[in-house]
Amino acid sequence: MLGIIMLMFIEVIRLRITDFAKEALAEMGIIFLFCLISGMARTDYYVTGILMIWIFYRWADDYVTEILLYVMLFIMQAELTGIGAIVLILMYNGNLSNRHRSIGEKLIIKYFFYVMYPLHMIILALIFGRIGL
């Protein structure tokens, strides 16, 4: 949600400021502010999440720059598994894959993922002792 609000502010700036230098400075200020807020609020992925959203937004059509920025970001965060996720994200072509499935199959797939995510988080928490069960 924080990332979406940041993008809304950036869009307002792009509509109102015509000077490129002032626009870039204002955009960097907004990004810095939202990175600060995400760090203080201890949101998921902290500053990395905000920067990822901005990279997706800013360089959506320039895959080479986008990939280089992601790799640098994940290496700086020492989260090398994120580099593998970039490949999967960039392979998305905008088409839904379940278009030719029946309604029953779509519901099974949908609810499988609704259950799978919290279930695997609980399992990992139990493995690493975060829950006292």
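Colleague: What share of the contacts in the protein chain with a separation of 6 or more comes from residues 24 or more positions apart?

Modeller: In this predicted model, such residues account for 39% of those contacts.

Colleague: Which secondary structure does the protein chain have?

Modeller: The chain comes to six helices and zero strands. From the N terminus on, the elements run α-α-α-α-α-α.

Colleague: And how much of the chain counts as buried?

Modeller: Of its 133 residues, 19% count as buried. The chain exposes about 10400 Å², and carbon and sulfur atoms supply 71% of that area.

Colleague: Let's turn to the charged residues. What makes Arg-14 and Glu-23 a salt bridge?

Modeller: The distance from N to O in their side chains is 3.4 Å. The cut-off for a salt bridge is 4 Å, between a side-chain nitrogen of Lys or Arg and a carboxyl oxygen of Asp or Glu. Arg-14 and Glu-23 therefore qualify, with 3.4 Å lying within 4 Å.

Colleague: How far apart are the closest N and O atoms of Arg-14 and Glu-27?

Modeller: They are 3.4 Å apart, and this pair also forms a salt bridge. Arg-14 belongs to helix α1 (residues 2–16) and Glu-27 to helix α2 (residues 20–41), with their positions 13 residues apart in the sequence, and the pair links distant parts of the chain.

Colleague: How many salt bridges does the count come to?

Modeller: Two. Arg-14, Glu-23 and Glu-27 are linked through them in a network.

Colleague: Why is Arg-14 called partly exposed?

Modeller: Its relative accessible area is 30%. Buried means under 20% and exposed means over 50%, so a value of 30% falls in between and Arg-14 is partly exposed.

Colleague: Is Glu-23 buried or exposed?

Modeller: Buried: the relative accessibility of Glu-23 is 14%, and the limit is under 20%. Glu-23 lies in helix α2. Leaving aside neighbours within four places in sequence, Glu-23 is in contact with Ile-13, Arg-14 and Ile-17.

Colleague: And why does Glu-27 count as buried?

Modeller: Its relative accessibility is 5%, so it meets the limit of under 20%. Beyond neighbours within four places in sequence, Glu-27 is in contact with Ile-10, Ile-13, Arg-14, Trp-54 and Arg-58.

Colleague: How do you know that the span of α1 agrees with its number of residues?

Modeller: At 1.5 Å a residue, its 15 residues should span 21 Å. The end C-alpha atoms of α1 are 22 Å apart, which agrees.

Colleague: Which residues of α1 are buried?

Modeller: They are Gly-3, Met-6, Leu-7, Ile-10 and Ile-13. These residues cover an arc of only 115 degrees around the axis, so they sit on the same side of α1. On the other side, Ile-4, Met-8, Leu-15 and Arg-16 are exposed.

Colleague: What do the buried residues of α1 pack against?

Modeller: They pack against α2 and α3 (46–58).

Colleague: Does α3 get a span check too? What should its 13 residues span?

Modeller: At 1.5 Å a residue, the expected span of α3 is 18 Å. Its end C-alpha atoms are 19 Å apart, which agrees. The buried residues of α3 are Thr-48, Gly-49, Ile-50, Met-52, Trp-54 and Ile-55.

Colleague: How many residues are in the largest nonpolar core?

Modeller: It has 15 residues, and those with the most contacts inside it are Met-6, Ile-10, Ile-30, Ile-31 and Trp-54. The elements that give two or more residues to this core are α1, α2, α3 and α4 (63–76). As a general pattern, nonpolar side chains in soluble globular proteins tend to be buried together.

Colleague: What does Met-6 touch, not counting residues up to four places away in sequence?

Modeller: Met-6 touches Ile-30, Ile-31, Phe-34, Ile-50, Ile-53 and Trp-54.

Colleague: And Phe-74: why is it called buried?

Modeller: Its relative accessible area is 5%. The limit is under 20%, so Phe-74 is buried. Phe-74 lies in helix α4. The C-alpha atoms of Phe-74 and Met-52 are separated by 9.7 Å, with the two residues 22 residues apart along the chain.

Terms used:
Residues are numbered from 1 along each chain as its sequence is written. This is a predicted model: local features need pLDDT of at least 70, side-chain atom pairs count only at pLDDT 80 or more; totals for chains, interfaces and linings use all residues. Side-chain values use heavy atoms; hydrogens and water are left out. Buried means under 20% relative accessible area, exposed over 50%, partly exposed in between (1.4 Å probe, protein chains only). Helices (H or I, at least four residues) and strands (E, at least two) are DSSP runs, numbered from the N terminus. Contact means heavy atoms within 4.5 Å. The expected span of a helix is 1.5 Å times one less than its number of residues. The arc is that of the directions from the helix axis to the C-beta atoms. A nonpolar core is a set of buried Ala, Val, Leu, Ile, Met, Phe, Trp, Tyr and Cys residues joined through side-chain atoms within 4.5 Å. Accessible areas come from the Shrake-Rupley method with a 1.4 Å probe; for residues, only the protein chains shown count as cover.
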